[in-house]
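Reader: I would like a close look at a single part of this protein. Please take one sheet and what packs on it, and walk me through it step by step.

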Amino acid sequence: MKSQPLPSGLRPLVDRLATIDRPATIAELRQWLTELDITRADVTPFIRFNNICYVRNTIVATEHFELLCICWTSGQSSLIHDHAGSACGVRVVVGELTETIFDVIEDSVVRPRKVNQYESGFVCASVDKEVHQITNHQTGGHELITLHIYSPPLATMNSYATDDSVSLHQSAVH
């Protein structure tokens, strides 16, 4: 694990994660993120935005988990994807997150099933094969900052499309 000073709000979570010697369960991720008392100030050292694409900022990573602060400007979204073997817990730190959940129809073709809106403080979690997309649908100038735990670390993810002319592909996470 990287050794660097952490803001006090992140310390309890990082200390807890450092004790795990196996991938965490989805229930554990949800519980740990729900119990967390965190503000924007606690993730300030890890806030970096890009006008082109959302930014994944690594806070700490081990063989069993990675903790990221992900920063989204208005209109940015992830690919439609799953987590290919990793459980994921997400805490909305600032802003409003829109999550679209999809059903796989055939191979790489998906259909939207449900759209959820999550405000600051909300925690959601998904298992490796659940297909979703995260978007900052807020109007211009409104930031979305999320805290993500992937366990084990997210090395690859499967991408999907709503158009059957685009095939499923597995991509490395950058």
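Author: What follows covers the sheet, then one of its inner strands, then the helices beside it and one loop residue.

The model is predicted. Start with the layout. The sheet is open and has 5 strands. Their order is β1-β2-β9-β4-β7, and the pairing is antiparallel. β1, residues 55–61, and β7, residues 123–126, stand at the edges. Each has a single partner strand, so one side of each is left without a neighbour in the sheet. Neighbouring strands are turned by 20° against each other on average, direction ignored. Strands of a sheet pair through backbone hydrogen bonds, either parallel or antiparallel.

Now take β2, residues 66–72. A hairpin of 4 residues joins β1 to β2. The two strands pair in the antiparallel sense over 6 bridges. One contact point to find on screen is Thr58, whose bridge partner in β2 is Leu68. On its other pairing, β2 runs antiparallel to β9 over 7 bridges. There, Cys69 has Leu147 of β9 as its bridge partner.

How buried is β2? Buried here means under 20% relative accessible area. By that cut-off, 7 of the 7 residues of β2 are buried, so the strand is largely enclosed by the rest of the structure. In a regular strand the side chains alternate between the two faces of the sheet. In β2, Glu66, Leu68, Ile70 and Trp72 point one way. Leu67, Cys69 and Cys71 point the other way. Both sets are buried.

Next, the helices. Helix α2, residues 26–35, lies across β4 (87–94), β7 and β9 (144–151). It runs at about 15° to β4. Its buried residues are Glu28, Leu29, Trp32 and Leu33. Seen down the axis of α2, these fall within an arc of 120°, so they line one face of the helix. An α-helix has 3.6 residues a turn, so residues three or four places apart point the same way. What covers the buried residues of α2 includes β4, β7 and β9, and also helix α1, residues 11–18.

α1 shows a similar arrangement of its own. Leu13, Val14 and Leu17 are buried there. Seen down the axis of α1, they fall within an arc of 95°, so they too line one face of their helix. These residues pack against α2, β1, β2 and β9. That brings β2 back into the picture: the buried residues of α1 pack against it.

How do the two helices meet? α1 and α2 pack at an angle of about 155°, with their axes 10 Å apart. Angles over 145 degrees count as roughly antiparallel. The two helices are therefore roughly antiparallel to each other. Their crossing is right-handed. α1 contributes Leu13, Arg16 and Leu17 to the contact, and α2 contributes Trp32, Leu33 and Glu35. Leu13 and Leu17 are also buried residues of α1. Trp32 and Leu33 are also buried residues of α2.

Finish at the β7 edge. Val127 lies in the loop between β7 and β8, where β8 is residues 131–135. Val127 is partly exposed, with a relative accessible area of 34%. Leaving out residues up to four places away in sequence, Val127 touches Ile26, His83 and Ser86. Ser159 is 32 residues from Val127 along the chain, and their C-alpha atoms are separated by 15 Å.

Conventions
Residues are numbered from 1 along each chain as its sequence is written. This is a predicted model: local features need pLDDT of at least 70, side-chain atom pairs count only at pLDDT 80 or more; totals for chains, interfaces and linings use all residues. Side-chain values use heavy atoms; hydrogens and water are left out. Two strands pair if DSSP finds at least two bridges between them. Axes are lines fitted to C-alpha atoms, for helices over the stretch in contact, and angles run from 0 to 180 degrees between N-to-C directions. Contact means heavy atoms within 4.5 Å. Buried means under 20% relative accessible area, exposed over 50%, partly exposed in between (1.4 Å probe, protein chains only). The arc is that of the directions from the helix axis to the C-beta atoms. Angles under 35 degrees count as roughly parallel, over 145 as roughly antiparallel, 65 to 115 as roughly perpendicular and the rest as oblique. A crossing is left-handed if the near helix is turned anticlockwise from the far one by less than a right angle, and right-handed if clockwise.
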